[in-house]
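Colleague: I'm new to this structure and would like a close look at a single part of it. Could you pick out the enclosed empty spaces and walk me through what surrounds one of them?

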Amino acid sequence: MKTTTTFVVLLSVIWLALVGCGGVKMTPEYINAKKAIERNDWEQAKDLLEKEVAKNKGNYEAWYFLGTARKQLGDVKGMLDAYSVAEKGVDEKYRVAMNNTRFSAWAEMYNTSVDIYNRFADNTDIAKIDKGIETMNNAIALKPELPENYSLLGMMYEGKGDTIAAIRAYEKYAELQKPAIDLAKSKGMSLNILRDKALNSLGQAETTKGMRSGNDSLLVDYIRSGSDTVYMYSIQKDKSGFVAEGWRVNPPATWTAQERERYAPINVRPFTQLGSLYYNRREYDKALKYIDILSILKPSDEQAQNLKVQIYQDQGKMDEALSSLSGLVQSDPKNKYFLSNYALALFRTEKLDEAIAQYEKALQIDPDYDVALFNAAAALKNRAAQFQKEERDRRDKDSKYKENEQRYFPLLTKAAEYFDRYRKLPAHRDDLTAVEHMVNIYETTRDKPKVKQMTTELEAMEYVNSSNPRYWEILGGVYARSNQTDKAEKSFKKADDMRKNQK
């Protein structure tokens, strides 16, 4: 998976006036070092400044210039060492300059790491990813408090196949995002919430700054929310206006205004990966911890909720899952995601009538909610299958019993309606599974015109499924059940040949 998140840092290097701090003796080494800086001779400046600070450890201005010279020569660790001494005695203008230099150097290294990772993703060259990890660790040395460091580092370790190191990096990301998560939980916020709604929860912005990034319009709001200082980052969506992509809570006082106002969306990938990685390791409690964070930040994440239900099922704790999800629905009965997640758990426990009811509540809120449309249709079809089995069992026991198809035909009709609405959504027009279900429904209800129509639509889907053996198996089955033997055999043969070639 590639990432293209880079940061454009508009920082001009500020060379402070070359005057000595009060009380600093202007030695020949120091005078000549300043002259070397004026002509950009950083190597000589570094050598002279190292001699100066060896003699005069209290010349904090010299330590500052030594750090800057080392940075120009690519020695980031040396820069940090010198700056850590300089901070003990220089005045505010030098502190601001050091913060700017650290941030500028961090951005350069972070962007370099992004570029390395993207090139690695194209050709999986392990040597490249090792270089990216090295560069990222250098960036972390500059700004260890920035969460995005550890998200990218975790992706690199995953690419290398080092799961343990990836988990460690992602957990550091989660740790640093805890204030943002706690704020979201306490204020009932989530990612992609409308900016106006977020401001209603947080309080009105004291300042708002607009900016552009490519074709995107961005806003950064500064908010005092209770005892917290919050910077919220929003992007303009076509129809819905601005939506919040992230927020920082109480950024360090040492940060410059530019650092605090830098657009910084929250990345949910680390939480997704932690949930999945811990699930694969059967560390279910840890997996649930991060899935629950996802439920706060992105309640629409169906994959995460499916995994949560699966974990409870694996543990034999479905009653707990149902209780937890029911509580969420009660807390926010108009939240279609909560309704859908609760319905899924009911579905998994074969409480199909209740599941259908919850999905239909979600569809009352959003008639085009694709997950609810598909799953409601599947639940209705499964419930119909239960009634059909009951009817056939009665018939098998009593030859005089006439099967009551009206117990399940209406459910199948409703299921077909939901599948049809699902397929009318542009993203799901060619959903092969939905088409397969619809054909099966119309065959069961003996609706020959609909079977013919669906067969025609299925044949028209060849252009996107010509190399998919499953498509040919489904089409072959339709032909076989309608006594089109030649077409059925040709379709099954294509499927068999493709599977052989895939081995």
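Modeller: Sure. Counting cavities of 30 Å³ or more gives 2 in this model, which is a predicted one. Let's take the second largest cavity, which holds about 40 Å³ of space. Its lining is made up of Thr207, Lys209, Val220, Asp221, Tyr222, Tyr231 and Glu261. Two elements, β1 (207-213) and β2, each give two or more residues to that lining, and β2 has the largest share, with 3 residues. Sorted by class, the lining of this cavity has 3 nonpolar, 1 polar and 3 charged residues.

Now follow the strands around it. Strand β2 covers residues 216-225 and pairs with β3 in the antiparallel sense, over 8 bridges. If you look for the place where Ser225 sits, you'll find Asp228 of β3 standing opposite. The hairpin of β2 and β3 has 2 residues between the strands, and Gly226 there takes a positive phi near 65°.

Strand β3 (residues 228-237) is worth a pause. Of its 10 residues, 7 are buried, so β3 is largely enclosed by the rest of the structure. Buried here means under 20% relative accessible area. Beyond its pairing with β2, β3 is also joined by 8 bridges to strand β4 (residues 241-249), and these two run antiparallel as well. Tyr231, one of the residues lining the cavity, has Arg248 in β4 as its bridge partner. As a rule, side chains in a regular strand alternate between the two faces of the sheet.

The lining also includes Glu261, and helix α11 (residues 257-261) takes us on to a charged contact. In that contact, Lys143 forms a salt bridge with Glu259, and the closest N and O atoms are 2.5 Å apart. The pair links distant parts of the chain: Lys143 is in the loop between α6 (126-142) and α7 (147-160), Glu259 is in α11, and 116 residues separate them. Both Lys143 and Glu259 are buried. The whole model has 43 salt bridges by the rule used.

For contrast, try helix α19 (residues 409-424), where Arg421 and Glu417 both lie, 4 residues apart, about one turn of the helix. Their side chains meet in a salt bridge at 3.8 Å, N to O. Arg421 is partly exposed, with a relative accessible area of 28%, and Glu417 counts as partly exposed too, at 36%.

Conventions
Residues are numbered from 1 along each chain as its sequence is written. This is a predicted model: local features need pLDDT of at least 70, side-chain atom pairs count only at pLDDT 80 or more; totals for chains, interfaces and linings use all residues. Side-chain values use heavy atoms; hydrogens and water are left out. Buried means under 20% relative accessible area, exposed over 50%, partly exposed in between (1.4 Å probe, protein chains only). Two strands pair if DSSP finds at least two bridges between them. On a 1 Å grid over the protein atoms alone, a cavity is a set of points where a 1.4 Å probe fits but cannot get out, and a pocket is an open set with protein on both sides within 12 Å along at least five of seven lines; lining residues have an atom within 4 Å of a point. Grid points are joined across faces, edges and corners, and a volume is the space filled by probe spheres set on the points. Ala, Val, Leu, Ile, Met, Phe, Trp, Tyr, Cys and Pro count as nonpolar, Asp, Glu, Lys and Arg as charged, and the others, Gly among them, as polar. A salt bridge is a side-chain nitrogen of Lys or Arg within 4 Å of a carboxyl oxygen of Asp or Glu.
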